[in-house]
Amino acid sequence: MSISPPSSRGAQPSDVQTVDVSAMPSVLARIAGLALRHRGRMALTVLASLGAAAANLTLPRLLGRSVDQALKLAAQPEAARRALLLIAAAVIAATAVRGLLTAVAGYQAEYVSQRVAYDLRLKFFQHLQQLSFGFHDKIHSGDLITRGMLDMEGARAFIQTGMQQALSLALLIGFAAYMMLATDVTMALIGLAFVPVAGFALARMGFLLRVTWLRVQQLMSILTLTMEENLQGIRVVRAFAGKAFELGKFDAAAGDALAYAYRRITLRFRGVSAMQISFYGSMAALLWVGGHKVAAGQMTAGRLTEFTFYMQLLQAPIRTIAMIFNAMARATSSGGRLFEVLDLQPQIADAPGAEPLAAPAGVLRFEHVDFRYDPDGKPVLSDIDFEVRPGRTLGIVGPPGSGKSTIANLVPRFYDVSAGRITIDGVDVRDVTLASLREYVGLVQQEAFLFDASVGHNVAYADPWADDARIVGAAKTAQIHEHIAQLPETYDTRVGERGVALSGGQRQRMSIARGVVPGPGIIIFDDSTAAIDAVTERKVRDALARATETKATIVIAHRLSSLMHADEILVLDDGRIVERGTHPQLIAAGGTYADLYELQTRAGAAATLDEPASDDSVKVGAQA
């Protein structure tokens, strides 16, 4: 199943979505099934709605009788007054019962809908944590947030607005039709004539309103995406004076949403107008026929009043047809988008019978590994073969796009290999549980993402129960402790959203500290010192060497100074190992590695493979 992210381009007519009517029964049945898990409360909702409808339908008959008794006041004043008092008391009682039972039904339906939304929200968030990186690579986070917020509300509202209102409407129309037909068939048919006409007009209005709302919802996804990117890149926007461009992009989507809001007003006006015309047409016909029957003595004035009140009673519920169909259509699209994600099976999951990883030695081996992100795409890695033992360090270097970070992502099974296998102590990583594998393998990435929490919580994220000594020790290893100690609240200082209060080098050192805290059996540094100055990097490297002296370590870097100490160095190019050996061996070989070392040494700074170089100084072409 493919999920398309929202487009950030301007709205086009072809973008307008429609409600998938064929999917409506299955999606609505699935939402209703979630509600019916709360059998007791749903049963109470049905019983309360039934009682409210019955109490509501006694009012027209009571009011009709009050008219007949009022006409008897002149002939039988005492008896008529007593009857009127009893009828008034009955009206008050019926109204009170109706109000109470309506409140009970509404409360129970709201409770169930909120509970279903709570369960769905947790399930949706939990499922997002389980879906593989391949899924997250192809869909924008703004679209997932929209599904988890707006679409979740659409599915929830169906239980309250759709199911509960539809039940009340069916009971009222059914009972009212029965009581009217049992009294006078002709008058009943005239009085109920407006129901199918108004029902069709309002149902069509509700459905079309949902179609326009779908487009508004899509535009909201675009607005969310635009705002999210703008806020995350606010410094870039300000630096390059992109305010006008960003405002124009935001205004385009907002203007389209406004246009669809105007269309919704027109649809609503047409539907309500059709309902009003049909209702008052039926009312006029009822009064005409009923008036002649009263004049001919075939019907009492109270009975005619009873029929008119039945019509008035049905007018408000009939109006809810638009709400019901709107809720059904919205739940179909919203629920479909939710279930589209919930029904996805993670591509990376525990194999049947997977056991927790038990690695007494901790030997990592790549055995002729091939990998491609897309089964039909270009190979990213080809025939990668190496071994890293505890206490040994493997260095990996290569131009951008050569597959260095892909190797790092394959070890904790963020992706699965296309061919070959990866083993730890001879056990294929696909045969062990993901939780145990990722607990054993520590990956420190170049992008140092920090949560908007305290320094201590960020460092201890991989092991929230780590004591203060371990947290401080990890910070010292990453050469960040001295800076933390100078912060206003030391380890309790909040770092701000995405660590905005820290520099790039400080964030990377925080990330290194976070990777050291749990004490993984295998640790991988994926260009994790790129933003650190050379002097501090040397201190970090020496401290890490002591902290990881008994672990298998992989260091991926552009700066050769970061991996010159490695026991073996792999040089990658276009997903293949083109050179391997120690630093002295590779220098002596006079190949790609030696050319890069000469370039970086001559530059005397952090020259990397993605920097242009003349043909006579380096033989490695940088790849984008």
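**Exercise 1. Find the buried residues of helix H14 and say which side of the helix they take.**

Step 1. Start with the words. Helices are DSSP runs of H or I with at least four residues, strands are runs of E with at least two, and both are numbered from the N terminus. Buried means under 20% relative accessible area, exposed means over 50%, and partly exposed is in between, with a 1.4 Å probe and protein chains only.

Step 2. Go through residues 468–477, which make up H14: the buried ones are Ile471, Ala474, Ala475 and Thr477.

Step 3. Look down the axis. These residues sit on the same side of H14 because they cover an arc of only 160° around the axis; the arc is that of the directions from the helix axis to the C-beta atoms.

Step 4. Now flip to the face turned away from the buried side, and you'll meet the exposed residues Asp468 and Ala469. Just after H14, glutamine 479 has a positive phi of about 60°.

A quick word on the model: it is predicted, so local features need pLDDT of at least 70 and side-chain atom pairs count only at pLDDT 80 or more, while totals for chains, interfaces and linings use all residues. Residues are numbered from 1 along each chain as its sequence is written, and side-chain values use heavy atoms, with hydrogens and water left out.

**Exercise 2. Do the same for helix H1, and check its span.**

Step 1. H1 covers residues 24–36, 13 residues in total. From its first C-alpha to its last it reaches 18 Å, close to the 18 Å expected at 1.5 Å a residue (the expected span is 1.5 Å times one less than the number of residues).

Step 2. Pick out the buried residues of H1: Met24, Val27, Leu28, Ile31, Ala32, Leu34 and Ala35. They cover an arc of only 155° around the axis, so they lie on the same side of H1.

**Exercise 3. Describe the largest pocket: its volume and its lining.**

Step 1. Rolling a probe the size of a water molecule over the atoms shows where empty space is left. On a 1 Å grid over the protein atoms alone, a pocket is an open set of points where a 1.4 Å probe fits, with protein on both sides within 12 Å along at least five of seven lines; lining residues have an atom within 4 Å of a point.

Step 2. The volume is about 2,600 Å³, counted as the space filled by probe spheres set on the points, with grid points joined across faces, edges and corners.

Step 3. The lining has 50 residues, and Gln129, Phe133, Phe449, Phe451 and Tyr461 lie nearest the centre of the pocket. Elements that give two or more residues to the lining include helix H3 (77–130), helix H5 (141–183) and strand S6 (441–444).

**Exercise 4. Place histidine 127 and list what it touches.**

Step 1. Histidine 127 is in helix H3. With a relative accessible area of 10%, histidine 127 is buried.

Step 2. Leave out residues up to four places away in sequence, and histidine 127 touches Val341, Leu342, Leu344 and Pro346 (contact means heavy atoms within 4.5 Å).

**Exercise 5. Is aspartate 425 buried or partly exposed?**

Step 1. Find aspartate 425 in the loop between strand S4 (419–424) and strand S5 (427–428).

Step 2. Aspartate 425 counts as partly exposed because its relative accessibility is 25%. Its phi is near 55°, a positive value in a residue other than glycine.
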